[in-house]
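Hi,

Here is the structure I said I'd pass along. Have a look, and my notes follow underneath.

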Amino acid sequence: MIPRTRFALLLALPFAALPLASCSSPTSCVTPGGDGPYPAYDYCSEATYPDFTQPRTRWDGTYPELCEGLTGEHAWACTEQLFWQVFQFDHGRRAEAYRALVPLVERVEADGSLDDHHLARLNLRVAQLGVAAMAETGETDLPVGQMQTLLERAHELDPDEIFIEAWLYTLLVNGAIVLGQDLDPYIDHLWAMYDRDPAIVTPTFMAVLAGFPKETGFPDIAAEMVDRFVPEEACGDLCDWEFLRASFGAAGQYFSSAEVYARVGDTEKAREQLELAKASPNYDRWPLRDVVEDALADIDAFTAPFEARGEDEYVTDLLITGTDAACMVCHAPLEGE
Ligand code: HEC
């Protein structure tokens, strides 16, 4: 029931050409944008990171267009500028950026110019860009295996970082299902990760799990995770939901939760989540608010397509995460229109 074309229009943001490289004065110990603490940004360095308070750009022109030739922290900072620029604004350039950043990772891996923590984030980020290009922009010719390798490398470099492990695991679970492998070990590991950090694992996995056939047991696990998810308790200070890099994080999370409940046939809980989405920060600027209004006006029409699917069928295509707003449901720029 997700009207893809409407999102395509709403989210088809104006194409902004990346400016040519130029030099800028070093930033010293300044937090660009003040958008909260950020893992692997070193604000006391010569590198320049994206300024999330800029309404229409994450690219400040400091670096060469596709980060050519850069190494060390500049390679990482440039990757961040490029990632967030094409992720939030120039969607049509995602595949091009991904293809440029894979050799950058190889270069930085080879010259040893980044510490493990930064290098892990660099590998993660390039993989995330590939996933975004595939999921939202429909770039199906990008190699998934390469993204998995990047995530495995990120996990190897920073094994305690659950966010990285969760991202890697979504690809692994997908692969196991496609290959018809025994899912029990995956389910056990999923709950082990969940126990370590429900605030990260729930949002990362719930929509992925809800999309699988009911007979795998994953949709029920997704619903159980959502049942137990209390944003304030789970996230503490980390989840103030108003970061400019995920301005619609709360609305997207609640909407996605509504879909999880629709998936398992719980209409009342679906309605509650839609109401929470409606009450979330930035809702009045959220590109998907019409979908919530329509769903609240006719909740049966919202749940019916899910109920129509059999036990052995995927519903990935019915979920928002199966559309061209898979990431932008939460990450659309606040001033994007
Ligand atoms: C349900 C909402 C939601 C969806 C859907 C979502 N994200 Fe996020 N994402 C968030 C929130 C919230 C954060 C945390 C903000 C922060 O603290 O950085 C985040 C953080 C991130 C970060 C920064 C992580 C870091 O290194 O700290 C990246 C990159 C990212 N998401 C990419 C994606 C991509 C790619 C997709 C789509 C495949 C996606 N997200 C889908 C809500 C979402």
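Let me start with Lys278, keeping in mind that this is a predicted model. Lys278 counts as partly exposed because it has 17 C-beta neighbours inside 10 Å, which falls short of the 20 needed for buried. Lys278 sits in helix 12, which covers residues 267-278. Leaving aside residues up to four places away in sequence, Lys278 touches Tyr283 and Val292. With Val292 the C-alpha separation is 7.3 Å, although the two are 14 residues apart along the chain.

The loop between helix 12 and helix 13 (289-297) is worth a look too, as Asn282 is found there. Asn282 is not a glycine, yet its phi is positive, near 70 degrees. Asn282 is partly exposed, with 17 other C-beta atoms within 10 Å.

Cys67 also has a positive phi without being glycine, this time near 65 degrees. You'll find Cys67 in the loop between helix 1 (4-11) and helix 2 (72-88). Is Cys67 buried or exposed? Buried, because 24 other C-beta atoms lie within 10 Å of Cys67, and 20 or more is the cut-off.

Then there's helix 9 (residues 218-228), whose buried residues are Phe218, Pro219, Ala222, Ala223, Met225 and Val226. Looking down the axis of helix 9, these fall within an arc of 160 degrees, so they line one face of the helix. The spacing fits the usual rule: an α-helix has 3.6 residues a turn, so residues three or four places apart point the same way. As for what covers those buried residues, the list includes helix 7 (184-196), helix 8 (198-210) and helix 11 (249-263).

Cheers

Terms used: Residues are numbered from 1 along each chain as its sequence is written. This is a predicted model: local features need pLDDT of at least 70, side-chain atom pairs count only at pLDDT 80 or more; totals for chains, interfaces and linings use all residues. Helices (H or I, at least four residues) and strands (E, at least two) are DSSP runs, numbered from the N terminus. A residue is buried if 20 or more other C-beta atoms lie within 10 Å of its own, exposed if 12 or fewer, and partly exposed in between; C-beta atoms are placed from the backbone. Two residues are in contact if their C-beta atoms, placed from the backbone, lie within 7 Å. The arc is that of the directions from the helix axis to the C-beta atoms.
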